[in-house]
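Hi,

Here's the structure I said I'd pass along. Have a look at it first, and then read on for my notes.

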Amino acid sequence: MTSPLVERYWVHSLELFDARMKELLQLYPDQIEAFELCRNSVGDPVAGFRMGRGKKNVFLLGREHGHEPVGPCGLVALMEGLATGKTPDTGQPFPQAGTILDRVKLHMIPIMNPDGA
């Protein structure tokens, strides 16, 4: 039996990732900002997402290699946890979420290599 955490965040294909990010952007439009980082060699967009209001910029990258799907899954879980102020695995309060978003601006690129994905 698959855990609810895996079912919710295992976005191992581009289709699942795109659908989940569309959902998160609709649920938390004031928390998550989408942007296009660049286009890859075949013209596909490389999507990025920003969160936070701080002066310090932090970059989090995922799926640099196409066969490594865990990075986007972790970043999607982190984004939702920060947006809701709850830990993704238990739903318990994530008290550091507000502090993180106040102190840093996160630039997250969950899938650096959409061709490989």
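Below is what turned up, grouped by topic.

One thing before the details: this is a predicted model.

**The helix pair**

Let's start with helix α2 (residues 14-27) and helix α3 (residues 70-84). Their axes come within 11 Å and cross at roughly 10°. Angles under 35 degrees count as roughly parallel, so that is how α2 and α3 run relative to each other. On the α2 side, the contact is made by Phe17, Arg20, Met21 and Leu24. On the α3 side, Pro72, Val76, Met79 and Glu80 do the job. Sorted by type, the residues of this contact come out as 6 nonpolar, 2 charged and no polar.

**The aromatic pair**

Phe17 shows up again here. The count of aromatic pairs comes to 1, and the partners are Phe17 and Phe49. Their rings sit 6.3 Å apart, centre to centre, with 70° between the planes, which makes the pair edge-to-face. Phe17 belongs to helix α2 and Phe49 to strand β2 (residues 45-51), so the pair ties together parts that are 32 residues apart in sequence.

Are these two rings buried or exposed? Phe17 has 4% relative accessibility and counts as buried. Phe49, at 3%, counts as buried too.

**Leu106**

Phe49 also leads to Leu106, a residue of strand β4 (residues 104-109). Leu106 and Phe49 are 57 residues apart in sequence, yet their C-alpha atoms are 8.0 Å apart in space. What does Leu106 touch once its neighbours within four places in sequence are left aside? The list is Phe49, Arg50, Met51, Val58, Leu60, Leu82 and Ile100. Leu106 has a relative accessible area of 6%, so it is buried. Two of the names on that contact list tie back to elements above: Phe49 is in strand β2, and Leu82 falls within the residue range of helix α3.

**Cysteines**

In case you were going to check for disulfides: the structure holds 0 of them. As a reminder, a disulfide is a covalent bond between the sulfur atoms of two cysteines. How accessible are Cys38 and Cys73? Cys38 is at 34% relative accessibility and counts as partly exposed. Cys73, by contrast, is at 8% and counts as buried.

That's what I have for now.

Cheers

Terms used. Residues are numbered from 1 along each chain as its sequence is written. This is a predicted model: local features need pLDDT of at least 70, side-chain atom pairs count only at pLDDT 80 or more; totals for chains, interfaces and linings use all residues. Side-chain values use heavy atoms; hydrogens and water are left out. Axes are lines fitted to C-alpha atoms, for helices over the stretch in contact, and angles run from 0 to 180 degrees between N-to-C directions. Helices (H or I, at least four residues) and strands (E, at least two) are DSSP runs, numbered from the N terminus. Angles under 35 degrees count as roughly parallel, over 145 as roughly antiparallel, 65 to 115 as roughly perpendicular and the rest as oblique. Contact means heavy atoms within 4.5 Å. Ala, Val, Leu, Ile, Met, Phe, Trp, Tyr, Cys and Pro count as nonpolar, Asp, Glu, Lys and Arg as charged, and the others, Gly among them, as polar. A disulfide is a pair of cysteine sulfur atoms within 2.5 Å. Buried means under 20% relative accessible area, exposed over 50%, partly exposed in between (1.4 Å probe, protein chains only). Rings of Phe, Tyr and Trp (its six-membered ring) pair if their centres lie within 6.5 Å; planes under 30 degrees apart count as stacked, over 60 as edge-to-face and the rest as tilted.
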